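Open the model in a viewer and keep the sequence panel in sight. The tour below goes from one selection to the next.

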Amino acid sequence: MKSILTTALVLGLSCMAWQLVMGLTGWYLHPVLLNLFWIVILIQIGVMVWGLRITAGEGRTYGKQVAAGVLMSVFGGIVIFFGSLLFTTVLFPHYFEDIRRVTEEVLKAKGLSPDSIKSQMDLQATAQTPLVSALSGFIGTIVTGLIISLVVAAFVRKK
């Protein structure tokens, strides 16, 4: 269990660190650079491959390797959940206002009508809260972790 918790902590802290880089550089405000956020998936793949290699040495079967990977993702997701709340409520309390402003500018630049812009902005607003964002990160980490575990466990388990 120690290897699972260690991997989860590395996963959560690594993703939080990348989120902090995105915030401190202001990349989250750039329409193109904002997509660099998705590097968290590469971080999760790398950390989980590392963690599953460790747990493979513990003599786990395929199913136990998948379970270990999911547990890594659940515990890592908990760290990410609280890190996201910290990021959007304490470190960058105007994060969602900034995102809405940039989104509106992008939509205006595309030549959309004010009514169309308002309707798109209203649609996105429901998901732009600290809690929804943190829950999305938590759920996304678990789903991604399950997929990674199903694939990686086939290759890094003791045979």
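The stops are a pocket, a set of charged pairs and one residue in a helix.

**The pocket**

This is a predicted model. Start with the largest pocket, which holds about 1,000 Å³ of space. Select Phe37, Trp38, Tyr95, Ser133 and Ser136: of the 35 residues in the lining, these are the closest to the pocket centre. Next, colour helices H1 (2-25), H2 (39-56), H3 (62-91), H4 (95-109) and H6 (130-155), the elements that each give two or more residues to the lining. H6 gives the most, with 7 residues. Which classes of residue make up this lining? Nonpolar residues number 19 and polar ones 16, while charged residues are absent.

**Charged pairs on H4**

Now turn to the salt bridges, of which the structure holds 4. Show the side chains of Arg101 and Glu105, which form a salt bridge at 3.8 Å, N to O. Both residues lie in helix H4, and because they are 4 residues apart, about one helical turn separates them. Arg101 is partly exposed, at 40% relative accessible area, and Glu105 is also partly exposed, at 45%. Add Asp98 to the selection to see a network of salt bridges that links Asp98, Arg101 and Glu105.

Stay on H4 and select Lys108 and Glu104, another salt bridge, with the closest N and O atoms 3.9 Å apart. This pair too is 4 residues apart in the helix, so about one helical turn lies between Lys108 and Glu104. Lys108 is exposed, with a relative accessible area of 53%, whereas Glu104 counts as partly exposed at 31%.

**The pair on H5**

Move to helix H5 and pick Lys118 and Asp122, which are 4 residues apart and separated by about one helical turn. Their salt bridge has its closest N and O atoms 2.7 Å apart. Asp122 counts as partly exposed, at 42% relative accessibility.

**Ile117**

Is Ile117 buried or exposed? Select Ile117, which sits in helix H5 (residues 114-125). Ile117 has a relative accessible area of 6%, so the residue is buried, the cut-off being under 20%. Show its contacts beyond four places in sequence: Glu104, Leu107, Lys108 and Leu112. Glu104 and Lys108 are the salt-bridge partners visited on H4. For a last step, draw a C-alpha to C-alpha distance from Ile117 to Thr144: the two are 27 residues apart in sequence and 32 Å apart in space.

How values were computed
Residues are numbered from 1 along each chain as its sequence is written. This is a predicted model: local features need pLDDT of at least 70, side-chain atom pairs count only at pLDDT 80 or more; totals for chains, interfaces and linings use all residues. Side-chain values use heavy atoms; hydrogens and water are left out. On a 1 Å grid over the protein atoms alone, a cavity is a set of points where a 1.4 Å probe fits but cannot get out, and a pocket is an open set with protein on both sides within 12 Å along at least five of seven lines; lining residues have an atom within 4 Å of a point. Grid points are joined across faces, edges and corners, and a volume is the space filled by probe spheres set on the points. Ala, Val, Leu, Ile, Met, Phe, Trp, Tyr, Cys and Pro count as nonpolar, Asp, Glu, Lys and Arg as charged, and the others, Gly among them, as polar. Buried means under 20% relative accessible area, exposed over 50%, partly exposed in between (1.4 Å probe, protein chains only). Contact means heavy atoms within 4.5 Å.
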